[in-house]
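Trainee: I've just pulled this one up and don't know my way around yet. Can we go through it together?
Mentor: Sure, have a look and then fire away.

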Amino acid sequence: MESSAAPTVSAGHDAGPAPVDLLRRLRARGAGDPVTHVERVPARVGVPAPWPAWAPPELRAAFARRGVVAPWQHQAEAATLAYDGGHVIVATGTASGKSLAYQLPALATLLADPRATVLYLAPTKALAADQLRAVAGLELEGVRPACYDGDTPRAEREWIRRHSRFVLTNPDMLHHGILPGHAQWSGFLRRLAYVVIDECHTYRGVFGSHVAHVLRRLRRQCARFGATPVFVLASATSGDPATAAGRLTGLPVTAVTEDASPRGGVTFALWEPPLLPPDSTAPAVPAQAAGDHDATTDLVQVRRSALRETADLLADTVAEGVRTLAFVRSRKGAEVVAANARRALDDAVPGLGGRVAAYRGGYLREERRELERALLHGDLLGLASTNALELGVDLVGLDAVLICGYPGTRASLWQQAGRAGRSGQEALAVLVARDDPLDTYLVHHPEAIFGAPVEATVLDPANPYVLAPQLACAAVEAPLTPADLALFGDGAKEAIDQLVEAGALRQRPTGWYWRHRERPEVDLRGEGGAPVCVVESATGRLLGTVDGGSSHFLLHPGAVYLHQGISYVVDDLDLADGCALVHVEEPDWSTHARDVTDLSVVSVRSYVDAGPVGMFLGEVDVTSQVVSYQRRRIATGEVIDTRPLDLPTRELRTVAVWFTLSPRSLASAGVQQADVPGALHAAEHAAIGLLPLMATCDRWDIGGLSTALHPDTEAPTVFVYDGHPGGAGFAERAYGTASAWLRATRDAIAECGCETGCPSCVQSPKCGNGNNPLSKPDAIRVLDVVLENLPA
Ligand SMILES: [Zn+2]
Ligand SMILES: [Zn+2]
C-alpha cells in the first residue's frame, strides 16, 4: 500500500543516531570488518506540479483535507495521460505516492459521470482493504467504494454489484467470482471506465501469466457490453515497465518512471558475516532456517549465518532505540531472527525483547494488523518479516532496514531498502550476505547492485499450461470465436485445438463451446495446490497457512514448525483435507526434509552443437518425492537420525536448459573419471545459485540435476529447470545468456576463498543429496571446458 498523499508529514518521533554513526558502531562490534562496501544514496528534492485543470474542485478539496496540497510531477503526468484515455503504468519507488496517480483520474471521472464505474485490483485482500480506507476517507458523494472479495458477506454482495461505483477486489475474485458471474455484473461492466492494477510487478512468473489472461477475459466481457475501460497500473521500480504492462494487459501502455517525490538519503552497506575459525564448533543458527524448503546440508558452517548476524544487528539497533525492519527470505528465518533478537535483548535488559516481533504472510489478518499498529505506535521497535510486508502495509518512519540475504532481484532489494528513510530522514540499509554464491558474488561486486538497472518483470502468457485452462474458463463465460485468437495471443489456436481434441471444447459454426457441465478448476497461484492450514490439535485454533508446494517440506509428520517464535511439532499432514495438525513442543532438534528427483527429456526445442560441448533448451519431466527427514541437534548440528516419510511423488512437466560434455574432453581437462559426478554436481549447484543474476528468479524457483551419464543424453550432463509447470521463462533466459551465466558461475567458484567448497560457492541449501559428492576444483575445470567451446 502506498501513501498517496504527496507532501507527507513525518511521523515525528525522535530520530535515532545518524546512520553513519550507527553503522560505525555496528561494524566495530566484532573482530574484523564485515562491511565490504558502503554506498551513499543521496536525498532527492520533490518536484510538485499544479493540479491538472480537469481535476474538479471538490476532489482537490478532498485531497487537501488529507494533507495533499499539490501532486508531484509524476502523479500529475500519469493522471493526465489516463484521464485523456491512454493506458498508463506509473513505476516509481516505495512511498512515491502512486495511488494518487490513479485515484485522481478515476475519481474525477466518477464525479463527472454519475454512471461510470471503476474496478481496482490488488494482489492481496489486505492491500485492497487499505485502499478502501483511503478512498472512503475522501468522503466523495455517490462513489460508494466497497471491497468485494472472499470475505464479503453474501448479503452485501448484491448491494455492491448494484450500487458501488468503485469496487476493490483481487485477481482471484475476478477469476473465480466476477467473470463467471458476468451476467450479474453486466450493469457494472457496461459502465466500466477504469481498471486499476496496483502493485502490478507482483504479477510475474506463472501467476503473472494467469493474471494476464484473466485481464484478457475481463476485456472480452467489457467489449461484449460495449465498454473499453482505460487501464492504469502502479508498479514498483522495474526495468522496461511499459513492455511488462503491455504483456500483462495485452494493450499498448505508456510508462511514467521519473520519480518526483522527495526522499531522504540512505547509507547502504554491504555486509559479509565473518568466517568462523576452522575448528569452531560454535553453534550457529541451524542451517535449516535459511530456506523455505529446509536446508539439508551436512556441512560445517564456515561463515556465521546471515540469520544469526541479522538477529544480532536487529538487537543492536533496537537497543539503540532505532526503529528497524529486518527482511528475511523465509518464514522460518523471520521467526528465528525475531526469537534470537528477543533473547539477546532480554539478556541485556529483561523485558526489552518484547519490543521485537516476527511478521509473515501466513499470519491471520488480525495478528498482522496488530503487529503493524504496534510498530507504527512505537510499542514495537523491531520487526523481522518476510517480504509479505512489501504488500499491503503502509509503514512510515523506519530508521533502518536490514536485508537478510539478497532478495532475488535488484527490484526487490530497492523495494525493501525503500522502507528506510521514507519520511525525509536519513536512514540506514544493510544487505547481510548469506553463505550463498550469488550473495557472495554481489557483496564483492557492488557494481552489480548499484551500477545495474533493475530487472524487467518476467511473465509468459504463451505458457501452454496457463493458456489452455484460461481459454477453457473464457469459453465457459462465452463461446470463443476466431476474433478471440488475437486477444489471447501466441499459441491460442494450438491450445484451442488441444482442448477440442481432449473433448473439452466443441467446434460449431459460431465458435468453440465448453462441453462440460461444471467449470474447469483453475488455480491462479498454482504453486502446487491450495494452501495447507496449520491447526493446533488441542484447541482447534488455526495458526496460519503454508503454500501447498512447501507443505511436504515444512509440515511432514514429525516436522518442527515455528510460529511467532513458538515451536510446534507436526502430528499429521492430511493432504486430502489440506490441513496439518500440530501440538506445542520445543524439542532440542531441528528437522530437515530430503527429497529424491528423477528427470527425463521430452523434447529439444533448440540446441548449440559446440564440439565436445552441447547446450540445449527443451521440455523435461521431473519427478520428485520427499522421502525422509533428518533430526539434528540445534546446539551442535549433530545428526540424531534419519526417518523415512511416506509422501506421494509430485510430477512436473517443465522447461530445462542443459549442457553435456564428452567424457574425453573431461579427461583431457584433468577431471578423473571418479570425480566426474562431484564436478558436475558442484557446477550445477553454483550455476543454479548464479542464475538469478540473469533471469529475475530466485534459486527456489529453479531446480537442477546432474549425472555422469544420463540415459537421454548418453553423456555427462547438468540440467537446470524451471520449478513451475510449463516453465516460467527462467531456463529459457539461461539458455539465451548461457556463456555470461556460466562465466559468472565459474568466477564465483574460482574467487571463493574456501579450499574444498562451501555454501558461498558450490554447496546448496536445498540439495537432495546432502551436498555429496562435490568437487570444487573439478567444477572449475568442467566450466572451463564449456566456456572454451561455447560461442559467446
Ligand atoms: Zn567456497
Ligand atoms: Zn545437489
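Mentor: One term before we start: two strands count as paired if DSSP finds at least two bridges between them. Also keep in mind that this is a predicted model.

Trainee: Okay. Which residue in β5 is the bridge partner of Leu-119?
Mentor: That's Val-167. Leu-119 belongs to strand β3, residues 117–121, and β3 pairs with β5 in the parallel sense over four bridges.

Trainee: And how many bridges join β4 to β5?
Mentor: Three, and those two strands run parallel. One pair to look for is Pro-145 with its partner Phe-166 in β5.

Trainee: What sort of unit do β4, helix α6 and β5 make?
Mentor: A right-handed β-α-β unit, with α6 covering residues 154–163.

Trainee: Back to β5, then. Are its faces covered or open?
Mentor: Both are covered. Phe-166 and Leu-168 are buried on one side, and Val-167 and Thr-169 are buried on the other.

Trainee: Switching topic: how many salt bridges are there?
Mentor: The count comes to 22. Take Glu-320 and Arg-25, whose side chains meet at 2.9 Å, N to O. Glu-320 sits in the loop between α11 and β10 while Arg-25 is in helix α1, so this salt bridge ties together parts 295 residues apart in sequence.

Trainee: Where do Glu-426 and Arg-40 fit in, as they're a linked pair too?
Mentor: Their side chains form a salt bridge at 2.8 Å, N to O. Glu-426 lies in the loop between α14 and β14, and Arg-40 is in strand β1, 386 residues away.

Trainee: How exposed is Arg-40?
Mentor: Partly exposed, at 45% relative accessibility. Glu-426 is also in the partly exposed class, at 38%.

Trainee: What about Glu-477 and Arg-217, buried or exposed?
Mentor: Buried, both of them. They make a salt bridge as well, at 2.6 Å, N to O. This one links helix α17, where Glu-477 is, to helix α9, where Arg-217 is, across 260 residues of sequence.

Trainee: Which residues are linked with Arg-304 in a salt-bridge network?
Mentor: Glu-309 and Asp-312.

Trainee: Last thing: what's the mean pLDDT of the protein?
Mentor: It's 86, and 89% of the residues reach 70 or more. Residues 1–14 are below 50, though, and that stretch has 51 contacts in the model beyond near neighbours in sequence. Residues 280–301 also stay under 50, with 73 contacts beyond four places in sequence.

Methods. Residues numbered from 1 in each chain as written. Chains lettered and ligands numbered in written order. Predicted model: local features only at pLDDT ≥ 70, side-chain atom pairs only at ≥ 80, totals over all residues. Heavy atoms only, no water. pLDDT = per-residue confidence, 0-100. Contact = heavy atoms within 4.5 Å. Buried < 20%, exposed > 50% of the residue type's maximum accessible area, 1.4 Å probe, protein only. Right-handed = clockwise from strand over helix to strand, strands pointing away. Salt bridge = Lys/Arg side-chain N within 4 Å of Asp/Glu carboxyl O.
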